Amino acid sequence: MLDFDELEEIESQLRQVPDVTCDEVTDVKVPLGHQLRIFLISDLHVDYKQNKEWMNRCLQSLSHDVDGNKFFDCLLLPGDLCTSEDLFEEVMTTLTTAFHKVFFCFGNHEAWTRGEKKGTSPAKDSLEKLERIHEICRNLGVYTTPVRILAGKKNGTIFLLPLWSWYHSSWDTEPDLPADLQPPMDPQQRVSDFRMCCWTPLESSDFVFGRGGATSLHLAQYFAQRNEAWIQKVLELQALEGGEILSYSHFCPRQELILEKRFTYDQHVPKISGSQLLEEQIRRLHPTCHVFGHTHVGWDTSLDGIRYVHWPLGNIKEQHGQTKMQHYSGFLLLYDSGWSPLQFTHWAYFHDFMEKRQEGSADLAPWVSFGYATMYPEMRQALESRHLLQAKVDGPDGMSPFFPGGALNNNGGFWLRHASANVRWRLPPKGLELAAFPCENPGCLLCNFTQDQEGK
Ligand SMILES: [Zn+2]
Ligand SMILES: [Zn+2]
């Protein structure tokens, strides 16, 4: 008789997954005696060589068989894997070999028209590029349509539902900073998507993509429309036979899940982040959990009874700043026969426990105001007259004292020391050294939060 591994091998040779035109929900059965695990990482951006190496180091920690427990391991990728078609194929081949099943929803970087396969011509527009990406997925057995995972009587049923989306500038409802606090950046020049994407087939008279930095609602509508048949099928099946929904998109559904403008260096980011139509679809679905990507600021929180998670790797510079946590600690194990507890993410914690959002506040954080004063000397006068350059920022910990929780919860060694704090819910890069948990600081936000969540 064939054992599970042999069966898997035969199956992988015959992997048949639906084309993105399919409206149906595909059933995937967790093999008998196996436990379902779902790992999550977004924004891998493997166009950076170091990111691909990091991914491979994490994969070295993956074992489907631990202490006699057999796992059925799934990976959820909410977009921005890379732009190059050859690299996309290579990395997806690695990932489909490492995991039993892989689920993918495209991001803006997959829609860039460049990055054609060697010896072929570039995609003529972003829709053709996404077709090429989806063709690679289908050939490798990567799911890009809704799947129902049947994990057996005890472990229940989970729907994995991709929600296509794109940003539109009207999603940003936070008032802009006053004119004298606006850095002189030209958004049309700054946003690479405006140069790298091409939407000719969708252009109508009032279609806007990039002019003056604006994006009209058209793309958001176009992609949201594709989700409708999927949403209907998933809700019908759920009503009939039960199960929890785990939906995933690349773009951000809600304002509460991004940094406020007073904390954001690039004031244009909220205008290229999210979709209102996506949020409306999520409200209708009411998933147990919605996973998103794109903003590169990790987030894990509950809003109106839905858990929202963003777990990005991001670019090299971000890995030494805003995505430190993910970079040090690895992929998130979101589901292991049950949902992971909420993970500590800096900004979700800040707004959930320390300070309510103050949208429209012009009280710039010191790292923003000092950054502007350095980059744009012409702004100095306005910043000074608004008393935004009074903080003392030349201490040993740089800007750490101004981040939530002060220097003790943000200094250089803090993140490294806490990389392994919740390693039970990670696929860490191989070689991660375990540190004592909880740490020696009784006021540690991360340790206290993590202990609290574990106890629930
Ligand atoms: Zn993105
Ligand atoms: Zn601690």
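Residues 36–152 have their end C-alpha atoms 10 Å apart, and the span is 35% helix and 21% strand. The UniProt record, an unreviewed entry, lists residues 36–152 as "domain: Calcineurin-like phosphoesterase". Keep in mind that this is a predicted model, so everything below is computed from predicted coordinates.

**Two zinc sites**

Let's go to the metals. Here are the two sites side by side.

| Zinc ion | Protein donors | Distance | Spacing along the chain |
|---|---|---|---|
| ligand 1 | Asp80 (OD), Asn108 (OD1), His250 (NE2), His294 (ND1) | 2.1 Å | D-x27-N-x141-H-x43-H |
| ligand 2 | His418 (NE2), Cys439 (SG), Cys444 (SG), Cys447 (SG) | 2.1 to 2.2 Å | H-x20-C-x4-C-x2-C |

What geometry does the zinc ion (ligand 2) have? The site is tetrahedral, with angles of 100 to 118° among the four donor atoms. For reference, the ideal angle for four tetrahedral donors is 109.5 degrees. Two of the sulfur donors, Cys439 and Cys447, sit on buried residues. Cys447 counts as buried because its relative accessibility is 1%, and the cut-off for that label is under 20%.

The zinc ion (ligand 1) is another story. Its four donor atoms subtend angles of 92 to 161°, and that is why the arrangement is classed as irregular. To pass as tetrahedral, all angles would have to lie between 85 and 135 degrees. If you plan to look at this site, remember that water is not among the atoms, so sites may look incomplete.

Two of the donors to the zinc ion (ligand 1) also link distant parts of the chain: Asn108 and His250 are 142 residues apart. Asn108 belongs to the loop between strand 5 (101–104) and helix 4 (126–140), while His250 belongs to the loop between strand 8 (244–248) and helix 9 (276–285). Asn108 and His250 are both buried.

**Strand 11 and its partners**

Next up is strand 11 (residues 306–310). Why is it described as largely enclosed by the rest of the structure? Because five of its five residues are buried. Ile306, Tyr308 and His310 point one way from the strand, Arg307 and Val309 point the other way, and all of them are buried.

Strand 11 has pairing with strand 9 (residues 289–292), which runs parallel to it and is joined by four bridges. It also pairs with strand 10 (residues 299–303), this time in the antiparallel sense, over five bridges. Val309 shows up in both pairings: it is the bridge partner of Val291 and also of Asp300. The hairpin of strand 10 and strand 11 has two residues between the strands, and Asp304 takes a positive phi near 50° there.

**Around Arg148 and strand 6**

Is Arg148, in strand 6 (residues 147–150), buried or exposed? Arg148 is buried, with a relative accessible area of 8%. Apart from neighbours within four places in sequence, its contacts include Val25, Asp27, Phe159, Leu237 and Glu241.

Asp27 is also the residue standing opposite Arg148 in strand 6. The pairing of strand 1 (residues 26–29) with strand 6 is parallel, over four bridges. With strand 7 (residues 157–162), strand 6 pairs in the antiparallel sense, again over four bridges, and there Ile149 stands opposite Ile158.

**Thr145 and a lone cysteine**

Thr145 lies in the loop between helix 4 and strand 6, and it is buried with a relative accessible area of 0%. Thr145 and Cys22 are 123 residues apart along the chain, yet their C-alpha atoms are separated by 7.2 Å. Cys22 is also among the contacts of Thr145 once neighbours within four places are left aside, including as well Pro18, Asp19, Leu160 and Trp230.

How many disulfides does the structure hold? Zero. Cys137 is in no disulfide, as the nearest cysteine sulfur, that of Cys105, is 10 Å away. Cys137 is also buried, with a relative accessible area of 0%.

Notes:
Residues are numbered from 1 along each chain as its sequence is written. Chains are lettered from A and ligands numbered from 1 in the order in which they are written. This is a predicted model: local features need pLDDT of at least 70, side-chain atom pairs count only at pLDDT 80 or more; totals for chains, interfaces and linings use all residues. Side-chain values use heavy atoms; hydrogens and water are left out. Donors are N, O and S atoms within 2.8 Å of the metal (3.2 Å for Na, K and Ca); water is not among the atoms, so sites may look incomplete. Four donors count as tetrahedral if all angles lie between 85 and 135 degrees; four count as square planar and six as octahedral if opposite donors are over 155 degrees apart and all others between 65 and 115; anything else is irregular. Buried means under 20% relative accessible area, exposed over 50%, partly exposed in between (1.4 Å probe, protein chains only). UniProt positions are given in the numbering used here, feature names are shortened, and annotations may be inferred rather than shown by experiment. Two strands pair if DSSP finds at least two bridges between them. Contact means heavy atoms within 4.5 Å. A disulfide is a pair of cysteine sulfur atoms within 2.5 Å.
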